[in-house]
Amino acid sequence: MNRTLIVARLQFVAWCSVVGWPWGILMLSFLINVALFSTIGDSEDFEPRTGGLVSIYIVMFIASINAITQDFPFALGLGVSRRSFYLGNVLNYAGQAISYAAVLYLLAVIEEATDGWGVNLLFFGLPFLVVDNPVLRFLSFALPFLLLGFVGIAIALVFKRWGVNGMLTLSTTALAGLGGLVVLANWRGWWSVIGGWLADQPGWALLVGWPALLTLPLAGISYLIIRRATP
Amino acid sequence: MSAVIAVTDLTKRYRGVTALDGISFSLAENRIHGLLGRNGAGKTTLMQILTGQHFATSGQVSVFGQHPYENEQVLARMSFIKESQTYPTNLRVTHVLRAARLVYPSWNEEFAQRLVEVFQLPRGRNVRKLSRGMLSALGIVVGLASRAPLTFFDEPYLGLDAVARQHFYDHLLADYTEHPRTIVLSTHLIDEVSDLIEHVLLLDRGRLLLDVEAEALRGQVVTVSGPVAAVQEFARTGTELHRASLGGTTRLTVRGDFGPAAQDRARALGLVLEASSLQDIVVRLSTATDSSTPTPAGVTSEETIR
């Protein structure tokens with residue numbers, strides 16, 4: 001446990017860049033949006049929507065890939081076990097997901113209270129997928145962080161352990177699998193059923209439930225892969 | 001003296017390549033061991049397996065009496081500084097030192113800061129922007145200041161100038177004397193470290209050619225020159241490693257159990273006797289098994305037997 005905590009702290013030795021990149025890019029995107037929409041669109045019913053919130057998730061996804069390609073060889077070089085590295089990483093992600101989700105939630109609440117920062121801007125809130133329950137709403141900010149983090153870790157680990165051939169196999173399999181499903185759906189005329197099913201899913205299911213269901217097996221598989229990975 | 005490392009019949013095979021071929025040895029505690037051998041001899045592979053970073057194909061490895069793989073108690077007592085170590089690109093020199101301070105239980109911050117001054121490392125510089133020599137120096141600082149009971153240095157000084165290398169030897173020896181620990185030093189610069197090394201392991205194409213005390217080895221291999229017959233007489237009991245003949249005289253490098261009396265014996269036979277340097281010994285032993293070495297006229301090489 002002690003070594004796990006050390007790994008989590010290890011990844012924060014350069015905390016300025018760890019915290020700075022995701023929030024810096026998000027804030028920049030936000031400020032540009034506020035500036036942009038305060039100079040245009042005076043009409044009352046104009047409610048600008050942006051996808052700017054996605055930037056922080058993308059940065060975290062990239063950071064999770066870097067954790068395996070860069071932090072993993074460094075930590076093992078310092079004599080950290082694979083198990084400790086993995087658990088420290090999980091702790092690190094959970095901590096970031098919880099604290100970042102809390103801040104995003106708070107900003108979303110402020111956004112509502114200030115009528116979209118005075119310009120009707122919907123930046124931190126989601127235009128669809130409404131989640132009313134406060135706990136679920138908090139989790140709907142947090143779970144996508146975890147999902148993307150573990151997707152990044154799993155992909156990077158496939159590369160770390162099986163190299164370029166592993167990546168090619170993985171992407172070929174994914175392409176064949178998804179392509180096959182699309183062909184199948186076209187052939188059987190399933191698209192309306194799929195669309196209806198998606199539309200029927202409540203917001204929390206798409207933002208919390210399904211991400212959680214995907215994150216758990218990814219976390220398990222990643223642990224099995226990292227145990228035999230070499231730096 | 002107890003053994004820190006015990007290796008039995010260790011083999012490592014990559015696709016079609018045998019990096020380590022059934023080697024066995026043990027390393028005593030609180031000594032400086034030299035791990036020598038040519039490029040591709042298997043030195044790095046051996047250290048990667050000993051530190052639990054890579055996996056053996058077969059054989060047993062025991063470090064501090066346990067297997068190192070995923071063994072926190074063993075790993076926390078080891079430090080492995082390798083030439084190929086990479087660092088996360090967002091880290092500066094101070095960050096790397098802070099990380100090392102977090103991880104190594106015996107880390108000495110004051111010593112680390114002193115070494116940073118000695119090697120003139122720019123604390124605020126990003127690791128990506130360090131020169132090859134500075135990266136090596138950073139590894140050396142981490143390795144020395146970790147004061148790990150078992151420290152591996154794998155070619156630690158690529159790109160370092162002679163002055164910096166001397167600093168490394170001096171600080172290694174001084175700190176080792178004050179805080180005894182087990183050090184495994186792998187290097188090509190054999191002459192430079194020959195005074196430092198107490199025990200020699202020589203690897204050649206995955207096999208162990210030497211596992212011997214440095215002191216004992218120094219007397220074991222000699223070069224004797226003089227008339228052919230007299231040289232032959234002197235070297236009767238030894239194993240010939242290298243021979244160069246010119247006319248009636250021969251210069252022979254030979255390995256055997258030559259005691260202090262050898263000097264007198266050589267003089268009585270009218271021969272010149274020189275002790276071989278560690279570097280000569282390593283070169284002779286490594287080339288003696290290398291059939292691809294061209295043999296000049298009048299020079300014969302013979303297979304060595306351990």
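Two strands pair if DSSP finds at least two bridges between them. I start with that definition since strands and bridges come up often today. The model on the screen is predicted. I will take chain B, then chain A.

Take a pair of strands in chain B as the example. Strand β8 of chain B, residues 199–204, is joined to β9(B) by six bridges, and the two run antiparallel. Within that pair, B:V200 stands opposite B:V212, a residue of β9(B). As background, strands of a sheet pair through backbone hydrogen bonds, and the pairing is either parallel or antiparallel.

Now the sheet that this pair belongs to. Six strands of chain B form an open sheet, and their order is β5-β6-β7-β3-β8-β9, with mixed pairing. Which strands are at the edges? They are β5, residues 78–82, and β9, residues 207–213, both of chain B, and each of them pairs on one side only. On average, neighbouring strands of this sheet are turned by 15° against each other, with direction ignored.

Two helices lie across strands of this sheet. Helix α1 of chain B, residues 43–50, lies across β3, β5, β6, β7 and β8 of chain B. The angle between α1 and β3(B) is about 135°. For anyone following by residue number, β3 covers 32–37, β6 covers 150–154 and β7 covers 182–186. The other helix is α6 of chain B, residues 162–178, which lies across β3, β6 and β7 of chain B. Helix α6 of chain B runs at about 160° to β7(B).

Next, the open sheet of three strands in chain B. The order here is β2-β1-β4, and the pairing is antiparallel. Its edge strands are β2, residues 17–28, and β4, residues 58–63, of chain B; each pairs on one side only. From one strand to the next, the twist averages 15°. Strand β1 of chain B, residues 3–14, pairs with β2(B) in the antiparallel sense, over eight bridges. One example is B:A6, which stands opposite B:S26 in β2(B).

Helix α1 of chain B comes up again at this point. Besides the strands I listed before, α1(B) lies across β1, β2 and β4 of chain B, and runs at about 120° to β1(B).

The last stop in chain B is strand β12. Strand β11 of chain B, residues 239–246, is joined to strand β12 of chain B, residues 249–255, by seven bridges, and they run antiparallel. In that pair, B:R243 stands opposite B:L252, and B:A244 has B:R251 as its bridge partner in β12(B). The two strands make a hairpin with two residues between them, and in this hairpin B:G247 takes a positive phi near 60°.

Strand β12(B) also pairs with β10 of chain B, residues 221–227, in the antiparallel sense and over seven bridges. There, the bridge partner of B:P227 is B:T249. Why is β12(B) described as largely enclosed by the rest of the structure? Because five of its seven residues are buried.

Now chain A. Chain A has eight helices and zero strands. Its C-alpha atoms fill a box of roughly 60 × 50 × 30 Å along the principal axes. Of the 231 residues in chain A, 42% are buried. Taking contacts in chain A between residues at least 6 apart in sequence, 81% join residues at least 24 apart.

For one residue inside, look at A:S55, in helix α3 of chain A, residues 54–77. Is A:S55 buried or exposed? A:S55 counts as buried because its relative accessible area is 16%, and buried means under 20%. Leaving out residues up to four places away in sequence, A:S55 touches A:I25 and A:L26.

Then the surface. Chain A exposes about 12100 Å², and carbon and sulfur atoms supply 72% of that. There is a nonpolar surface patch of about 1200 Å², whose residues include A:L178, A:W187, A:W190, A:I194, A:W197 and A:W210. Three helices of chain A each supply at least two residues of the patch: α6 (134–188), α7 (191–200) and α8 (203–226). Which helix gives the most to the nonpolar patch? That is α6(A), with five residues.

One patch member, A:W197, lies in helix α7 of chain A. A:W197 is classed as partly exposed because its relative accessible area is 42%, and partly exposed is the range between under 20% and over 50%.

That is the end of the tour.

Conventions:
Residues are numbered from 1 along each chain as its sequence is written. Chains are lettered from A and ligands numbered from 1 in the order in which they are written. This is a predicted model: local features need pLDDT of at least 70, side-chain atom pairs count only at pLDDT 80 or more; totals for chains, interfaces and linings use all residues. Side-chain values use heavy atoms; hydrogens and water are left out. Patches are made of residues with over 30% relative accessible area and no salt bridge: like charges are joined within 9 Å, nonpolar side chains (Val, Leu, Ile, Met, Phe, Trp, Tyr) within 5 Å. Accessible areas come from the Shrake-Rupley method with a 1.4 Å probe; for residues, only the protein chains shown count as cover. A salt bridge is a side-chain nitrogen of Lys or Arg within 4 Å of a carboxyl oxygen of Asp or Glu. Helices (H or I, at least four residues) and strands (E, at least two) are DSSP runs, numbered from the N terminus. Buried means under 20% relative accessible area, exposed over 50%, partly exposed in between (1.4 Å probe, protein chains only). Axes are lines fitted to C-alpha atoms, for helices over the stretch in contact, and angles run from 0 to 180 degrees between N-to-C directions. Contact means heavy atoms within 4.5 Å.
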